[in-house]
Amino acid sequence: MSGYLTGVLVVLAFNVMAAYAVYLPLAAGQLNLGIAGFMAIGAYAAAYLTNELGWSMWTAIPAGSALAGLVGLLIGIPVLRTHGIYLALATFALGQVIAAIFLNLDVVGAAAGYPVADYAPPVAVFAAAIGVVLVMALLSRTRFALYLTAVKSDPTVANLMGISVRGIQVAAFALGAAVAGFGGAFYAHHYSFIEAQHFNVLLSVFTVLYVLFGGTQTVWGPLVGAVFFTLVPEALRASAEWRYALFAVFIILFMALRPQGLVTASLFRRIRRRAPEASS
């Protein structure tokens, strides 16, 4: 495999992990625009444990993920009292605050950045992304996934059915933060250097676009959206000066014609119905 192809696939792997971090709270009707902040927590925490405390990379990465999830849990309890645009603004501000903290924190290099001692090879990044996809696929078959759908569809009815709406929302928010921290920790150890400027609002916005484009009705939507947003711009690289303009026009037209996203529940039902017909 060429170095270029490996680099593109590594970027795809990180985009997939970030997309599922956004998908979990979005599946419960919560738009998190601060996902980059939780990626930063995982990245800096894991890097600090590796550099300063001598931890193994394989223990520091889960620890960074757990810390991001814990911060998501503690912050999600008060933040998720807001809804709609107010929640989006609150999480947007949260991401900016987290990035600003690391930007001014001298113990992890502040604005100069922070070198990371251990190195995670591409195969480890690929395995991490595949693991996240498999966990999300398994989670989609549990009762928790049904609770997420119920809370998103109608919180009042879900509450009447005995579902803890706030509990499910906070759990989804915290799990999404943990997945983001997991991806951020691998990012730090793969590229061997992190800087707070990378974890900016554009990273959060682009990640939300992956999920909205792919669709939030099934667990495969974020994967499809991340693949599309990562690979299509590379395929259009031949028309260097026009590729982003063409890409943007296509996205606008697509979302106008199919606002529910590329992968929908009805699409999967049609595929399941046609599969027995094709085999017979």
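**Close-up 1. Phe14, Tyr187, Tyr191 and Phe199 are joined into a cluster by ring pairs.** This is a predicted model, so read every view here as a prediction. Across the whole structure, a search turns up 13 aromatic pairs. One of them is Phe14 with Tyr191, a tilted pair at 5.9 Å centre to centre and 35° between the planes. What makes this pair fun to look at is that it links distant parts of the chain: Phe14 sits in helix α1, Tyr191 in helix α8 (residues 165-191), and the two are 177 residues apart. Phe14 is buried, at a relative accessible area of 7%, while Tyr191 comes out as partly exposed, at 38%. Tyr191 also pairs with Tyr187: the ring centres are 4.8 Å apart and the planes sit at 50°, so this pair is tilted too. Tyr187 and Tyr191 are about one helical turn apart, because four residues separate them in helix α8. Tyr187 itself counts as buried, with 16% relative accessibility.

**Close-up 2. The largest nonpolar core takes in 79 residues.** Which residues touch the most other members of this core? They are Tyr20, Tyr44, Phe102, Phe186, Ile194 and Phe199. Phe199 turns up here again after its part in the ring cluster with Phe14, Tyr187 and Tyr191. Helix α1 (residues 3-27) gives the core its largest share, 15 residues. As background, nonpolar side chains in soluble globular proteins tend to be buried together. Zoom in on Tyr20 and, setting aside neighbours within four places in sequence, you find Tyr20 in contact with Val132, Val133, Met136, Val179, Val219, Trp220, Pro222 and Leu223.

**Close-up 3. Helix α1 packs on helix α9 at an angle of about 70°.** The two axes are 8 Å apart. With that angle, α1 and α9 are roughly perpendicular to each other. On the α1 side, the contact uses Asn15, Ala18, Ala19, Val22, Tyr23 and Leu26; on the α9 side, look for Thr207, Val208, Tyr210, Val211 and Leu212. How many of these contact residues are nonpolar, polar and charged? The split is nine nonpolar, two polar and no charged.

**Close-up 4. Helix α2 (residues 35-51) also packs against helix α9 (residues 201-214).** Here the angle is about 115° and the axes lie 7 Å apart. That makes α2 roughly perpendicular to α9. From α2 come Ile35, Ala36 and Met39, and they meet Leu203, Ser204 and Thr207 of α9. Sorted by class, the contact of α2 with α9 has four nonpolar and two polar residues, with no charged ones. Keep an eye on Thr207, as this residue of α9 meets α2 and is part of the contact with α1.

**Close-up 5. Ala150 and Val151 sit side by side in helix α6.** Helix α6 spans residues 143-153 and holds Ala150; Val151 has its place in α6 as well. Buried or partly exposed: how does Ala150 count? Ala150 is partly exposed, with a relative accessible area of 22%. Val151, in turn, is buried, at 1% relative accessibility. Leaving out neighbours within four places in sequence, Ala150 is in contact with Pro155, Ala158 and Ile163. On that basis Val151 is in contact with Ala28, Ala158, Ile163, Val165, Ile168 and Gln169. For some wider distances, the C-alpha atoms of Ala150 and Ala27 are 9.6 Å from one another, though their places lie 123 residues apart along the chain. For Val151 and Arg166, 15 residues apart along the chain, the C-alpha separation is 9.1 Å.

**Close-up 6. Ala110 and Ser192 have positive phi values without being glycines.** Ala110 has phi near 50°. You'll find Ala110 in the loop between α4 (84-103) and β1 (114-115), where the residue is buried, with a relative accessible area of 10%. For Ser192, phi is about 60°. Where does Ser192 lie? Ser192 is in the loop between α8 and β2 (193-194). At 25% relative accessibility, Ser192 counts as partly exposed.

Key:
Residues numbered from 1 in each chain as written. Predicted model: local features only at pLDDT ≥ 70, side-chain atom pairs only at ≥ 80, totals over all residues. Heavy atoms only, no water. Axes fitted to C-alpha atoms, helices over the stretch in contact; angles between N-to-C directions. Parallel < 35°, antiparallel > 145°, perpendicular 65-115°, else oblique. Contact = heavy atoms within 4.5 Å. Nonpolar A, V, L, I, M, F, W, Y, C, P; charged D, E, K, R; others polar. Core = buried A, V, L, I, M, F, W, Y, C linked by side-chain atoms within 4.5 Å. Buried < 20%, exposed > 50% of the residue type's maximum accessible area, 1.4 Å probe, protein only. Phe/Tyr/Trp six-rings, centres within 6.5 Å; stacked < 30°, edge-to-face > 60°.
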